[in-house]
Amino acid sequence: MSYRSLSRERLYPILAVLLALLSAGCGSKNSASSTAKAQTYTICPGENATTESLIAFFDAREGDTIRFCEGHFDLSTGLIVNGKNGITIEGAGINKTYLSFASSDSSEGINISHADGIVMRGFTVQDTPGNAIRVYRSQYVTFSGVRALWSGYDQCNDDPEAEDSCSHHGAYGLYPVESRHVLIEDSEAFGASDAGIYVGQTSDVIVRNTRAEFNVAGFEFENTYRAVFEDNIATNNTGGFLIFDLPGLSQYGEKNIVRRNKAYRNNHENFAPIGNIVGIVPRGTGMLVLSTDNLEIYDNDIYDHDTLGIAVANYALADANEPDPKYDFYPEGIHIHGNRFRDNSLNPAEPSVDRGAASLLPLLLRIKNLGRSAHIVWDGAEDSPNDCTSFPVDQDGIPLNEPNPNEHGEEDRYEPRVNEFGRPNYQRNDPDPSCKYNAWKFDEAGALKPELGLFIAEDNTFENTQLSTAFMTDFLNANITTSALPQLLFDLLKPASTNLAPHRGALPPVELRPLKLPYVPDLDGADARPTEAEVSKACSAVKSGQVNFAAAKYNCPRLEQYGLFADPGDPTSQAIGGVPYELNTALFSDYAVKHRILFLPPGSAARYLDHADKVTATLDFPVGTIIAKTFGFQDGETENVIETRLLIRRETSKGSSWVGLPYLWKTDSTGKRYAELKIEGAKVAAKYDYADLDTQVDAHYSGTVEGYTVPAALSCLSCHAGDDRDPGAAPIGPKPRNLNRDHVYGSEGSVNQLQYLQLHGLLTGLPEDLASVEKMPRWNVPGDAGDAPNSDTDIHHRVRAYLEVNCMHCHNPAGPASNSGLFLDSYRTVNVQYGICKRPVAAGKGSGGRLYDIIPGDANGSILPYRLGSTEAGVRMPPIARSVVHGEAVNLITTWINEVLPTEDTEDAEGCTSGDGLLGLGVLGLEQALAQARRSQQAPASSADQRRSRTAPTAVGAGTSKRKS
């Protein structure tokens with residue numbers, strides 16, 4: 001069966017069904033009509049399945065269903081939903097429809113962002129390089145009868161460095177993050193190298209009737225509000241249920257519930273890639289509570305775990321040097337009642353060289369408990385008053401315990417500014433406080449408020465069928481509160497306690513909000529689909545010498561129909577009414593050369609915005625703007641033009657939005673060149689051999705690219721979409737500071753690009769003094785920032801420019817990678833949020849066995865250059881736009897880390913360069929030494945190991961690059 005649209009078969013709530021029935025008689029069932037009625041796209045297995053899927057995901061609108069037939073699909077790239085509401089993705093059943101991404105060039109299998117009311121049901125996603133299904137900044141989302149699976153999950157080598165280890169599996173199975181109102185039910189996850197079911201930085205969640213097996217963590221809540229695990233099964237994982245709060249993220253959670261679950265025999269060896277936080281979870285953990293607040297655990301069955309039933313721990317055991325001033329190390333308000341424990345801690349995990357110093361903790365716990373095991377273990381850490389008296393403030397400078405008249409409802413601040421105990425509820429845009437405020441926890445006498453304690457009720461039951469009670473205790477207060485010396489040595493000398501009396505009592509039940517589900521698609525408010533006749537009429541109205549702006553509303557099948565170029569077969573020819581421009585620092589795209597042209601509708605102008613408005617601000621372009629960017633490969637005197645991408649700003653019923661359209665250049669039988677719309681993208685082999693005249697040094701690039709990617713239209717959204725810019729695939733390159741350079745404009749000669757736009761009435765708001773407009777340096781031109789060429793300051797400025805252009809569009813607080821906590825804009829202090837001594841979040845195998853994003857003085861031990869030096873899907877950064885390594889940039893970044901950092905604007909650099917750690921060895925120092933030892937044993941050397949040289953490394957995988965004199 002081929003791709004086609006059919007009549008709607010999806011079941012909506014009653015209102016939606018009635019609306020669908022009312023429109024049933026309009027138009028043909030098998031063709032799109034100029035209405036907003038719902039459609040069903042059906043895709044069946046076959047060689048065209050990837051193409052059909054990409055087109056369906058691109059075309060689908062609110063109320064539509066994308067249906068996969070029964071069978072096995074081999075999909076060569078990931079599927080994306082961005083900015084679309086009310087879409088259903090369904091298969092024939094969890095055991096009937098298999099979407100395999102084993103050969104995909106994308107990290108995620110299905111990536112959903114800024115999309116409300118998404119329903120996924122009845123299929124399995126398997127063998128993704130990265131995460132199986134990611135849902136980001138979306139609301140009212142349902143997973144029902146969905147499975148994430150990695151093949152061979154039950155046959156893995158326990159050695160994380162072995163080729164047949166499961167550490168190469170994707171990190172997360174079902175993965176909603178920074179979302180709201182999420183339901184996961186009747187689903188499964190097998191073989192994730194981090195968490196099978198992971199819910200992060202999300203509010204109002206239910207996960208029920210779901211099974212997780214053979215993952216590192218079966219289920220994980222991380223920095224969540226009002227999330228519930230109920231009636232689930234976790235078995236054969238390393239740890240069954242993890243309820244974490246981690247530092248440096250968008251919110252810090254509370255009010256979660258774990259009830260009526262079965263956690264049993266979670267004794268799998270930990271196969272998480274070294275460097276990931278779940279890598280510290282010991283084999284045989286039923287539940288692990290780390291640094292979260294107001295958690296209720298009740299009516300669960302927890303049994304047959306090698307190490308412990310439940311552990312409650314503070315973050316200082318993981319990293320006592322964590323500097324985040326918003327982050328609270330201590331788990332408080334924990335209520336454990338009505339659970340059934342049996343035969344836990346019979347074979348505690350032993351210390352592991354691979355897992356570092358943290359793996360010593362089970363042994364230390366047993367020593368502290370006089371050789372006995374325990375069902376429930378608490379580290380014994382409690383917070384104490386500090387001298388911070390300044391209540392944290394919001395972005396307007398108003399204390400969080402006071403109202404802000406500028407905030408209007410949940411869109412401005414979803415959680416209360418403070419909770420009922422007075423705890424400040426931070427959100428992403430709240431500034432870091434000057435000190436860590438914790439006065440809200442204590443009474444006037446300085447004692448911790450009783451409601452913030454650990455409560456273990458008498459109605460928990462403990463059964464030991466394998467060991468006598470002489471070798472088991474129900475509870476252990478270990479009194480091991482930190483991994484940092486010298487305090488750790490004092491803790492080891494302090495007696496532990498098995499006394500439950502101080503923990504008897506109860507807390508009020510955790511209060512939840514009802515989920516706002518099911519979502520009802522807004523068919524009345526959706527834009528009507530254009531008919532084929534409407535598209536044909538507009539796109540065929542092109543006239544010689546005129547841009548066809550009327551066609552900008554449509555996706556024309558041929559590029560020439562927009563009338564952009566004097567020679568329709570040559571996008572490097574003179575533009576008709578367009579303004580060519582260059583960028584100081586550009587996104588790397590496999591050594592392709594680029595031609596950029598801006599087309600503004602007649603009588604319109606762009607508006608000047610810069611980083612003072614927002615760090616990602618570009619010029620604000622009017623509706624109807626077309627930006628054309630042509631990619632080619634220079635081979636001597638010949639340029640092989642591959643593709644032209646258009647970004648078009650359109651007006652929709654919900655405001656303006658940008659769309660990205662890829663056009664692939666072809667040659668017909670007569671030798672005529674033309675470009676046709678390629679919604680599904682393409683792969684092209686290319687060769688390049690050219691001098692880089694921009695560097696003002698003798699630089700020459702030559703090489704081959706086996707798999708240059710013309711992106712699918714959906715892939716444009718991976719980089720161009722974000723909360724900090726206009727909806728859709730908004731521009732990210734033309735920032736004023738990146739446009740602030742001269743360009744030769746024919747007879748007008750060399751003119752500053754911003755001034756040229758202003759002089760021709762195409763730009764308003766440009767400051768009168770052009771010198772006040774910052775200039776981004778060209779990353780590859782020493783001294784371009786005004787510093788002494790190749791000085792430390794010069795290298796620092798050029799690296800920051802490169803990272804901003806190539807990484808910051810995702811890595812900013814409002815970007816698609818905000819959940820990572822790594823932010824790379826040029827105006828931020830180079831501190832832990834910039835990657836300095838920052839542990840990875842959600843990196844999976846992308847950590848490469850390394851512990852920190854950037855370790856000053858140790859590029860080889862840092863994650864950032866490792867990922868920039870890789871071409872492997874799930875590791876490679878940026879995740880799209882390149883298939884070869886940008887060797888010259890990696891070398892510069894390597895020099896920056898090894899020889900320049902720390903600089904005057906660098907903070908937090910002590911966290912991973914020294915350490916007082918476990919047993920005098922230094923937790924951090926020991927872990928780094930072990931990680932370095934593992935890397936030194938790997939052979940052959942990867943491109944990451946070659947980066948200390950000043951010459952470009954051989955690209956891994958698809959292509960090669962070299963410099964020659």
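**Exercise 1. Find how many salt bridges this predicted model holds, and work out which parts of the chain the pair Glu 230 and Arg 260 ties together.**

Solution. The count for the predicted model comes to 52 salt bridges. One of them is formed by the side chains of Glu 230 and Arg 260, with a distance of 3.5 Å from N to O, which lies within the 4 Å that the rule allows. The next step is to place each partner: Glu 230 belongs to strand E19 (residues 225-230), while Arg 260 sits in the loop between strand E22 (254-259) and strand E23 (262-264), so the salt bridge ties together parts that are 30 residues apart in sequence. The last step is to look at the surroundings of each side, where Glu 230 is buried with a relative accessible area of 8%, whereas Arg 260 is partly exposed at 35%.

**Exercise 2. Decide whether the partners in the salt bridge of Arg 340 with Asp 299 are buried or partly exposed, and do the same for Arg 417 and Asp 394.**

Solution. Begin with Arg 340 and Asp 299, whose closest N and O atoms are 2.9 Å apart. Arg 340 lies in strand E29 (residues 340-342) and Asp 299 in the loop between strand E25 (293-298) and strand E26 (301-303), so this pair ties together parts that are 41 residues apart in sequence. Since buried means under 20% relative accessible area, the value of 32% makes Arg 340 partly exposed, and Asp 299, at 29%, is likewise partly exposed.

Turn now to Arg 417 and Asp 394, which form a salt bridge with their closest N and O atoms 3.0 Å apart. Both residues lie in the loop between strand E30 (373-378) and strand E31 (454-456), 23 residues apart, and the pair links distant parts of the chain. Here Arg 417 counts as buried at 11% relative accessibility, and Asp 394 counts as buried at 1%. Salt bridges can also share partners, and in this way Asp 204, Arg 226, Glu 410, Glu 415 and Arg 513 are joined into one network.

**Exercise 3. Describe the order of the strands in the open sheet of 11 strands, and then follow strand E27 to its partners.**

Solution. The order of this open sheet is E5-E8-E10-E12-E15-E18-E21-E24-E27-E30-E33, and the pairing is parallel. Strand E5 (79-82) and strand E33 (472-477) stand at the edges with a single partner strand each, so one side of each is left without a neighbour in the sheet. On average, neighbouring strands are turned by 10° against each other, direction ignored.

Within this order, E27 stands between E24 and E30. Strand E24 (residues 285-290) is joined to E27 by 5 bridges, the two running parallel, and Val 289 has Val 312 in E27 as its bridge partner. Towards E30, the pairing is again in the parallel sense, over 3 bridges; Ile 310 stands opposite Ile 376 in E30, and Val 312 has Trp 378 in E30 as its bridge partner. As for accessibility, strand E27 (residues 308-313) is mostly covered, with 6 of its 6 residues buried.

**Exercise 4. Identify which residues touch the most other members of the largest nonpolar core, and list what Ile 133 is in contact with beyond its neighbours within four places in sequence.**

Solution. The largest nonpolar core has 100 residues, of which Met 120, Ile 133, Tyr 562 and Leu 564 touch the most other members. Helix H2 (residues 49-59) gives the most to this core, with 5 residues. Leaving aside neighbours within four places in sequence, Ile 133 is in contact with Ile 110, Met 120, Phe 123, Val 125, Phe 143, Val 146, Gly 173, Leu 174 and Tyr 175. Another core lies apart from the largest one and has 52 residues, including Val 216, Val 281, Leu 288 and Leu 290.

**Exercise 5. Find which stretches have a pLDDT below 50, and say how they should be read.**

Solution. For the protein chain the mean pLDDT is 87, and 88% of its residues reach 70 or more. Over residues 1-35, however, the pLDDT is below 50, and this stretch has 69 contacts in the model beyond near neighbours in sequence. Over residues 914-965 the pLDDT is also below 50, with 131 such contacts. Where pLDDT is low, the predicted coordinates should not be read in detail.

Definitions and conventions: Residues numbered from 1 in each chain as written. Predicted model: local features only at pLDDT ≥ 70, side-chain atom pairs only at ≥ 80, totals over all residues. Heavy atoms only, no water. Helix = DSSP H or I, 4+ residues; strand = E, 2+ residues; numbered from the N terminus. Buried < 20%, exposed > 50% of the residue type's maximum accessible area, 1.4 Å probe, protein only. pLDDT = per-residue confidence, 0-100. Contact = heavy atoms within 4.5 Å. Core = buried A, V, L, I, M, F, W, Y, C linked by side-chain atoms within 4.5 Å. Pairing = 2+ DSSP bridges. Axes fitted to C-alpha atoms, helices over the stretch in contact; angles between N-to-C directions.
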